[in-house]
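Visitor: I would like a close look at the salt bridges in this model. Please take me through the charged pairs and then what lies around them.

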Amino acid sequence: MMTIEDLLAKYLQNQTTADENAVLMDWVLLSEENKQHFSAVCGYWYAAGRKNNEKEFNSTRAYTKFLSTVSEEQSTSRSIFSPFARKLSAAAAVVILFVSTFLVLNQKNTELLLVQNTQNSIQEVVLPDGSLVFLNTHASISYPEVFSETSRQVSLEGHAFFSVIHNPEAPFFVLGSDITTQVLGTEFDITINPDFSSVIVASGSVQVSVNATNDSKILTENERVDFTSGIGLTKSVNTDKNYLSWQTGILIFEQTPLSKVFTDMERQYNCSFTISNETILSQELTGTFENLDLTEMLDVISLTFSSLSYSITEGVILIDSK
């Protein structure tokens with residue numbers, strides 16, 4: 001007979017049937033402990049697949065680790081709730097938020113939830129279908145407690161990375177002020193700002209459409225589109241190696257002008273630069289820099305280019321010649 005742990009494992013692999021989902025829903029709503037256990041397992045599951053700054057979620061490794069952990073806990077006659085609960089993160093807290101409406105597919109007019117990242121760090125959000133969103137600083141997302149059976153829609157402001165679960169019966173839409181991005185299942189980086197937006201596809205494909213016109217572009221892996229007010233959509237091959245550095249913590253430069261280095265650093269560290277002499281910007285930097293904080297990265301630059309110095313005043317970095 002299938003246990004709840006077996007059912008949870010199947011659910012996390014998107015292998016459950018409608019009847020099995022109903023059984024799992026009944027169990028989740030049976031008690032507060034079950035809700036907490038469910039959310040903790042989900043939080044651990046997602047975290048297990050992204051350890052060591054992995055960009056992609058590895059379901060096979062996560063599933064193996066999940067079953068191994070369950071087996072070890074059962075062999076010592078301990079509840080798996082306690083160790084899992086200690087692993088709760090912001091992502092798991094969001095899972096708790098949607099547990100109360102878990103799989104209630106026929107519910108209409110569900111409440112919209114708003115998540116705003118006011119921290120100087122990445123905030124992870126687990127959507128009702130299990131898709132993941134990583135919000136950069138100052139970004140915000142709104143979404144319904146329960147997606148409809150035929151469409152999944154969220155609204156975004158700012159910079160985020162999406163990992164969307166494949167569901168051809170319910171296309172996924174990211175609504176922005178100027179553009180709408182439609183996907184079935186993919187991973188992509190997206191920025192929504194007034195008068196400028198961009199989408200870069202890491203895997204799969206998306207269609208980006210301008211809200212005010214019929215103009216649209218289809219993007220596949222390693223392609224990007226930029227929207228500028230008054231110009232429209234511009235599609236190109238993505239040549240920005242550091243477009244995900246704000247997630248991975250890794251900056252890669254190969255004879256890169258400091259003008260581009262400072263731009264990438266502004267995105268990664270949410271800072272701004274002032275340059276005293278524009279000739280500085282033509283100097284080139286080569287190297288791979290992993291998990292350095294802002295001061296450490298600035299120290300690397302000042303050591304590499306002995307003629308340069310930096311100072312920080314009220315969050316603005318001044319690069320000057322000695």
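Guide: Arg224 and Asp226 are both buried, and their side chains meet in a salt bridge with an N to O distance of 2.9 Å. This comes from a predicted model. The count of salt bridges comes to eight. In general, side chains of opposite charge can pair when their charged atoms come close.

Several of the charged residues are joined together. Asp240, Lys260, Asp264 and Arg267 are linked in a network of salt bridges. Within this network, Asp264 pairs with Lys260, and their closest N and O atoms are 2.6 Å apart. Asp264 also forms a salt bridge with Arg267, at 3.2 Å from N to O.

The positions in the sequence bear on both pairs. Asp264 and Lys260 are separated by about one helical turn because they are four residues apart in helix α8, residues 258–269. Asp264 and Arg267 also lie in α8, three residues apart, again about one turn of the helix. An α-helix has 3.6 residues a turn, so residues three or four places apart point the same way.

The accessibilities of these three residues can be given in turn. Asp264 has a relative accessibility of 1%, so Asp264 counts as buried, the cut-off being under 20%. Lys260, at 31%, counts as partly exposed. Arg267 is likewise partly exposed, with a relative accessible area of 22%.

Turning from charged pairs to nonpolar packing, the largest nonpolar core has 31 residues, and Ile141 and Phe162 have the most contacts inside it. Strand β5, residues 152–163, gives this core its largest share, four residues. Leaving aside neighbours within four places in sequence, Phe162 is in contact with residues including Leu132, Val133, Ile141, Val154, Leu156, Phe172 and Val174. Thr186, Glu187, Phe188 and Ile190 are also among the contacts of Phe162. A second, separate core has 19 residues, including Phe253, Phe273, Leu285 and Leu298.

Helix α2, residues 18–28, offers another view of burial. Its buried residues are Glu20, Asn21, Leu24, Met25, Trp27 and Val28. They cover an arc of only 160° around the axis, which means that they lie on the same side of α2. The face of α2 turned away from that buried side carries the exposed residues Ala18, Asp19 and Asp26.

How values were computed:
Residues are numbered from 1 along each chain as its sequence is written. This is a predicted model: local features need pLDDT of at least 70, side-chain atom pairs count only at pLDDT 80 or more; totals for chains, interfaces and linings use all residues. Side-chain values use heavy atoms; hydrogens and water are left out. Buried means under 20% relative accessible area, exposed over 50%, partly exposed in between (1.4 Å probe, protein chains only). Helices (H or I, at least four residues) and strands (E, at least two) are DSSP runs, numbered from the N terminus. The arc is that of the directions from the helix axis to the C-beta atoms. A salt bridge is a side-chain nitrogen of Lys or Arg within 4 Å of a carboxyl oxygen of Asp or Glu. A nonpolar core is a set of buried Ala, Val, Leu, Ile, Met, Phe, Trp, Tyr and Cys residues joined through side-chain atoms within 4.5 Å. Contact means heavy atoms within 4.5 Å.
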